[in-house]
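Q: Could you take me through one part of this model closely, the place where the two chains meet? I would like the cut-offs spelled out as you go.

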Protein chains: 2
Amino acid sequence: MSIIKKIFSNSRSNEDGIFFDEVSKILGFKPLNLNHYRKAFTHRSMNKTDDEGNPINYERLEFLGDAMLGSVIAAHLFNKVPTGDEGYLTKMRSKIVSREHLNELGKDLNLIRHVESKVSTQHFGENIHGNLFEALIGAIYLDRGFTFCEKFIHKKVIVPYVDIAKLEGKVISYKSLLIEWCQKEKHTFQYDVFEDNGNEGIKYFGVKLKIDNKIVAKARATSKKKAEEKASQRAYFAYQEKINKK
Amino acid sequence: MSIIKKIFSNSRSNEDGIFFDEVSKILGFKPLNLNHYRKAFTHRSMNKTDDEGNPINYERLEFLGDAMLGSVIAAHLFNKVPTGDEGYLTKMRSKIVSREHLNELGKDLNLIRHVESKVSTQHFGENIHGNLFEALIGAIYLDRGFTFCEKFIHKKVIVPYVDIAKLEGKVISYKSLLIEWCQKEKHTFQYDVFEDNGNEGIKYFGVKLKIDNKIVAKARATSKKKAEEKASQRAYFAYQEKINKK
């Protein structure tokens with residue numbers, strides 16, 4: 001009996017170890033209490049409950065994560081756009097935390113791969129991606145507090161996606177902006193696109209962008225065009241920082 | 001010339017000192033950068049602008065404070081009501097951060113007394129109170145960060161006002177609950193009501209609630225009934241804590 005117990009507890013801690021590594025990779029920092037993240041990846045179809053009979057799944061965490069995301073983005077916009085009035089700030093925030101955008105963020109992190117569910121993930125609608133993203137933020141808040149939420153949102157949402165000019169419709173395409181810049185500054189550029197299907201049934205495209213024959217940005221998205229645009233944006237911001245530092 | 005400068009700078013720092021004391025009293029902690037709070041009390045009619053020409057008034061701070069309030073209340077409800085699902089949590093939060101409730105909170109702190117405005121405060125609508133309350137939270141966030149927002153909201157909103165049972169409509173009146181309790185436990189009780197008009201043109205009522213001839217709670221509100229109810233709630237919670245500690 002004790003051997004069985006030992007085997008069980010070993011396999012359990014191996015599982016914990018794998019999950020810990022996976023979560024750390026997603027977060028970019030070490031989680032302290034894995035249970036919050038387990039909950040964030042548990043679908044209601046698992047019918048799990050705690051000792052008091054309360055359901056264990058990610059739905060309540062979505063509420064918490066949505067609130068944290070809202071306030072982090074609010075603070076960012078407030079500081080970043082001193083000329084924007086209340087109406088402007090509200091509108092910009094809605095664009096950033098739109099359902100569509102959250103779904104994209106969740107997809108990018110491939111969160112669905114970690115979901116525990118009795119229903120096949122193919123039966124989930126599109127919103128599962130955004131819901132998991134919100135739940136993950138809720139779990140971060142419970143595990144490490146507001147400052148870590150802020151860091152995570154900064155790294156995963158604000159830096160790669162929140163560009164005021166683009167949100168305002170002033171920049172239509174980073175790809176054309178980048179190409180223009182390369183031509184003007186006499187740099188060569190090349191987009192290498194490859195299919196990258198993973199094993200979860202959703203088609204992904206990967207893009208490596210080379211400038212002067214060096215890879216300067218990579219991106220992954222559900223269409224070739226989106227992946228190119230995303231890589232261009234990343235490269236554009238990377239170069240912008242360099243230019244500003246000079 | 002230098003004497004005039006000195007007199008001016010003295011009177012300026014006296015003003016600062018008074019404002020510092022007033023703000024500290026409202027917050028329950030010391031502000032670090034008074035400018036944020038000055039902005040939180042500046043009405044657009046003052047037509048103030050910063051060096052870049054951006055308007056200095058509390059309107060943008062409302063946006064920030066609203067977001068912080070939303071996430072602090074979300075976290076509180078999430079932890080306090082483990083049985084509540086997403087829909088429940090959303091509904092409860094809306095009740096707590098309702099316009100009506102925020103106006104009441106702003107009125108209680110008498111924030112309007114500190115407003116710098118070229119329009120008489122009598123011409124402001126009812127919502128000025130809630131707007132100032134939100135702006136104050138925004139200023140706290142900028143001055144001291146999320147944790148201080150949390151502390152302030154806990155002290156000024158959650159402890160005195162957020163009662164899940166009452167919000168769910170399970171408790172209709174704390175006054176009747178308290179009277180019932182006093183009668184059952186053989187305590188005497190007495191509500192002493194007095195008018196308390198301040199100097200800002202709004203009529204206020206104050207209530208001191210005595211149990212066994214000792215003042216156990218005080219409250220201030222725009223009607224006698226509201227002030228009695230508020231004092232009863234405070235007393236009820238104070239006694240509940242005592243009972244729970246036993």
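**The interface of chain B and chain A**

A: Happily! Across the interface of chain B and chain A, the rule finds nine residue pairs in polar contact, with both residues at pLDDT 80 or more; a polar contact is a pair of N or O atoms within 3.5 Å, where within protein one must be able to donate a hydrogen and the other to accept it, and residues adjacent in sequence count only if both atoms are side-chain atoms. Salt bridges across this interface number zero, a salt bridge being a side-chain nitrogen of Lys or Arg within 4 Å of a carboxyl oxygen of Asp or Glu.

A word on the background: this is a predicted model, in which local features need pLDDT of at least 70 and side-chain atom pairs count only at pLDDT 80 or more, while totals for chains, interfaces and linings use all residues. Residues are numbered from 1 along each chain as its sequence is written, chains are lettered from A and ligands numbered from 1 in the order in which they are written, and side-chain values use heavy atoms, with hydrogens and water left out.

Now to the extent of the interface. Chain B brings 29 residues to the contact and chain A brings 29 residues, where contact means heavy atoms within 4.5 Å. Together the chains bury about 2600 Å², and 64% of that lies on carbon and sulfur atoms; buried area is the accessible area (1.4 Å probe) that two parts lose on being put together, summed over both. On the chain B side, B:Arg60, B:Phe63 and B:Phe78 supply 34% of the area that chain B buries against chain A, more than any other three residues.

Which helices form that side? Helix 3 (59–80), helix 4 (86–96), helix 6 (128–144) and helix 7 (146–161) of chain B each supply at least two residues of the side that touches chain A; helices here are DSSP runs (H or I, at least four residues), numbered from the N terminus. Helix 3 of chain B gives the largest share, 15 residues. By class, the chain B side divides into 14 nonpolar, seven polar and eight charged residues, with Ala, Val, Leu, Ile, Met, Phe, Trp, Tyr, Cys and Pro counted as nonpolar, Asp, Glu, Lys and Arg as charged, and the others, Gly among them, as polar.

For contrast with the salt-bridge result at the interface, a search of the whole structure finds 16 salt bridges over all chains.
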